[in-house]
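New to this one? Here's a quick briefing to read alongside the sequence and the 3D view.

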Amino acid sequence: MLPRISVFPKCYFDELCAGRMDYLQWLRDARTLGGEGIEHYDGFLTPLGPDAARRVRDVMEETGQVSSLLCFSPDFTHPDADERARQVQRQRDAIDMSVALGLRHCRTLSGQRLPGMSRSEGVRRTVEGITASLEYAAERDVVLCMENHYKDGNWTYPEFAQAEDVFLEIIGQIDHPHFGVQYDPSNALVGGYDPLAFLEKVKHRVVSMHASDRYLADGATLEDLKQADGSTGYSAALKHGETGKGLNDYDTIFRLLAEVGYDGWISIEDGMNGLDELTRSAEFLKAKRAQYYGG
């Protein structure tokens, strides 16, 4: 089987979460963008009410589209134990939503990098939160995909596991058939580490992928990027744009994925400069798929 290409409306994140844009209409519009699936975010469904999953599935069937994965952001590093338990329940609810949407992969994260929290405490809380969710996921045949992430759009602080070594320490403590890695090469750049070297380390555990790209801002250099530690936000040297025209080496990425027989979803996070960008990104990724997988 070949990887399939999915689209995600990152460009409309705030509008969809707030209900200022109709998510069902976005789904109808998305069928023209060249994707083979749609990635959902749980916050996009909230304004649709308690029957959101059914309404989304109806539109997906109406338009002949399929759902790829559910993007979800638990905050397992919260200092309050009761709140951490609530976050586990939120993750379980997201697993149920995944089933209701007819998809098998649900993103998970560590949580926020809170001031004053030690590394060991953050790792412990994250591992406990994910582990507490995995039996529930397995019973429903849903795979939790931990992304090397920067920051959820609704969070105050960046991702606790933003740094490569912290991320690797966490996933090194979780061995479960319903757990894997959601690989994002652009988030590696933002985090200040090499996305290709990182992929080499996790390629056998990748179960889903986000595809986007980053560019150097006018006047910026790679040295500027190297000097930015990626810990307090997106580097001013980096801009978001069309997949295949930025700093990521998609030839090497596809070669490495093909070597391990990766056949999951590749979800595009583009459109920040217009939806035509998403269409061109889908065309680019399909061409790379044909080049490295054949067919």
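A quick term to start with: two residues are in contact, or touch, when they have heavy atoms within 4.5 Å of each other. Keep in mind that what you're looking at is a predicted model. We'll go from the nonpolar core to a run of parallel strands, then to a pocket and a few single residues.

**The nonpolar core**

- The largest nonpolar core has 71 residues, and the ones that touch the most other members are Tyr23, Leu27, Val56, Ile170 and Met209.
- Helix H6 (residues 119-139) gives this core its largest share, namely six residues.
- Gathering like this fits a broader habit: in soluble globular proteins, nonpolar side chains tend to be buried together.
- Which residues does Val56 touch, once you skip those up to four places away in sequence? They are Tyr23, Leu24, Leu27, His40, Leu45, Leu48 and Leu101.

**Strand E4 and its partners**

- Side chains in a regular strand alternate between the two faces of the sheet.
- Strand E4 (residues 105-108) is covered on both faces: His105 and Arg107 are buried on one side, and Cys106 and Thr108 are buried on the other.
- On one flank, E4 runs parallel to strand E3 (residues 67-71), and two bridges join them. Leu69 has His105 as its bridge partner in E4.
- To get from E3 to E4, the chain passes through helix H5 (residues 81-101), making a right-handed β-α-β crossover.
- E4 also runs parallel to strand E5 (residues 143-147), this time with four bridges between them. Here Thr108 stands opposite Met146 in E5.
- H6 turns up again in this stretch, since E4, H6 and E5 form a β-α-β unit that is right-handed.

**A pocket to look for**

- The second largest pocket has a volume of about 250 Å³.
- It's lined by 16 residues, and those closest to its centre are Arg4, Ser68, Arg104, His105 and Trp265.
- Which elements give two or more residues to that lining? The answer is E3 and strand E7 (206-211).
- You've met His105 already: it is the E4 bridge partner of Leu69.

**Asp141, an unusual backbone angle**

- Most residues other than glycine have a negative phi.
- Asp141 isn't a glycine, yet its phi is positive, at about 55 degrees.
- You'll find Asp141 in the loop between H6 and E5.
- Is Asp141 buried or partly exposed? Its relative accessibility is 39%, so it counts as partly exposed.

**Val166, in a helix**

- Val166 sits in helix H7 (residues 164-171).
- Val166 counts as buried because its relative accessible area is 8%, and the cut-off for buried is under 20%.
- Leaving out neighbours within four places in sequence, Val166 is in contact with Arg119, Val123, Phe160 and Ala161.
- Val166 and Asn148 are 18 residues apart in sequence, with 9.9 Å between their C-alpha atoms.

**Glu159, in a loop**

- Glu159 belongs to the loop between E5 and H7.
- With a relative accessibility of 0%, Glu159 counts as buried.
- Beyond its neighbours within four places in sequence, Glu159 is in contact with Leu109, Ser110, Gly111, Arg113, His149, Tyr150 and Lys151.
- Asp218 is 59 residues from Glu159 along the chain, and their C-alpha atoms are separated by 27 Å.

Terms used. Residues numbered from 1 in each chain as written. Predicted model: local features only at pLDDT ≥ 70, side-chain atom pairs only at ≥ 80, totals over all residues. Heavy atoms only, no water. Core = buried A, V, L, I, M, F, W, Y, C linked by side-chain atoms within 4.5 Å. Buried < 20%, exposed > 50% of the residue type's maximum accessible area, 1.4 Å probe, protein only. Pairing = 2+ DSSP bridges. Right-handed = clockwise from strand over helix to strand, strands pointing away. 1 Å grid on protein atoms, 1.4 Å probe; cavity = no way out; pocket = protein on both sides within 12 Å on 5 of 7 lines; lining within 4 Å. Points joined across faces, edges and corners; volume = space filled by probe spheres on them.
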